[in-house]
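Work through the exercises below with the sequence and the coordinates at hand. Each task is followed by a solution that goes step by step.

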Amino acid sequence: TGGGGGIGSHIVKQLLEHNASVAAVDWNQESLNNLKKKHSSEEARLQCYCGNVGNFEFVQEVTNDFFQQCGRIDILVNNAGIGFVAGQ
C-alpha cells in the first residue's frame, strides 16, 4: 500500500532490483503512472492498482488478481498513511 508515494516508490524500486514481482497499490493514479514510467523496463513484474485499501472488495480483487498472475505473496508492506498537522 502507498506504493506510489515517496517511501512506497523506494520500496518498490528495491523489491524490483531484487527480482521480486510487485503489486503497488495507491489511491493516486498519477503517482502510479509515474511509478510505471520509472520502471517501464520491469513492466512484466510490476502491477499497479489504484483504489482505497479501506475497501474490502477492492483489496480482495487486487489480491485475487495478483495471486492469479504470480501465485503467491511473500512480502506485504503496509505503507499507506496520511499525515496532517493538528489545528491547521
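The exercises treat one helix, then the pockets, and finally a single residue, all in a predicted model.

**Exercise 1.** Determine what span helix H1 reaches and which of its residues are buried.

*Solution.* Begin with the extent of the element: H1 covers residues 6-17, which makes 12 residues, and from its first C-alpha to its last it reaches 17 Å, close to the 16 Å expected at 1.5 Å a residue. Next, apply the cut-off for burial, under 20% relative accessible area; in H1, Gly8, Ser9, Val12 and Leu16 are buried. Looking down the axis of H1, one finds these buried residues within an arc of 95°, so they line one face of the helix. It helps to recall that an α-helix has 3.6 residues a turn, so residues three or four places apart point the same way. The face turned away from the buried side carries Ile7 and His10, both exposed.

**Exercise 2.** Establish what covers the buried residues of H1, and what follows the helix.

*Solution.* First, look for the contacts of the buried residues: the cover includes strand S1 (22-26), helix H2 (29-38) and strand S2 (46-50). Then move along the chain past the end of H1, where Asn19 follows with a positive phi, near 65°.

**Exercise 3.** Describe the largest pocket by its volume, its lining and the elements that contribute to it.

*Solution.* The volume comes to about 630 Å³. The lining consists of 26 residues, of which Ala23, Phe66, Ile73, Ile75 and Leu76 lie nearest the centre. Two or more lining residues come from each of H1, S1 and helix H3 (56-70), and H3 gives the most, with 6 residues. Sorted by class, the lining has 18 nonpolar, 6 polar and 2 charged residues.

**Exercise 4.** Give the corresponding description of the second largest pocket.

*Solution.* The second largest pocket holds about 210 Å³ of space. Its lining has 13 residues, and those nearest its centre are Gly2, Asp26, Trp27, Ala80 and Gly81. By class, this lining divides into 5 nonpolar, 7 polar and 1 charged residues.

**Exercise 5.** Decide whether Ile75 counts as buried or exposed, and place it along the chain.

*Solution.* Ile75 lies in the segment after H3. Its relative accessibility is 56%, and because exposed means over 50%, Ile75 counts as exposed. Ile75 is also among the residues that lie nearest the centre of the largest pocket. For a distance check, take Asn64, which is 11 residues apart from Ile75 along the chain: the C-alpha atoms of the two are separated by 15 Å.

Note on methods. Residues numbered from 1 in each chain as written. Predicted model: local features only at pLDDT ≥ 70, side-chain atom pairs only at ≥ 80, totals over all residues. Heavy atoms only, no water. Helix = DSSP H or I, 4+ residues; strand = E, 2+ residues; numbered from the N terminus. Expected span 1.5 Å × (residues − 1). Buried < 20%, exposed > 50% of the residue type's maximum accessible area, 1.4 Å probe, protein only. Arc of directions from axis to C-beta. Contact = heavy atoms within 4.5 Å. 1 Å grid on protein atoms, 1.4 Å probe; cavity = no way out; pocket = protein on both sides within 12 Å on 5 of 7 lines; lining within 4 Å. Points joined across faces, edges and corners; volume = space filled by probe spheres on them. Nonpolar A, V, L, I, M, F, W, Y, C, P; charged D, E, K, R; others polar.
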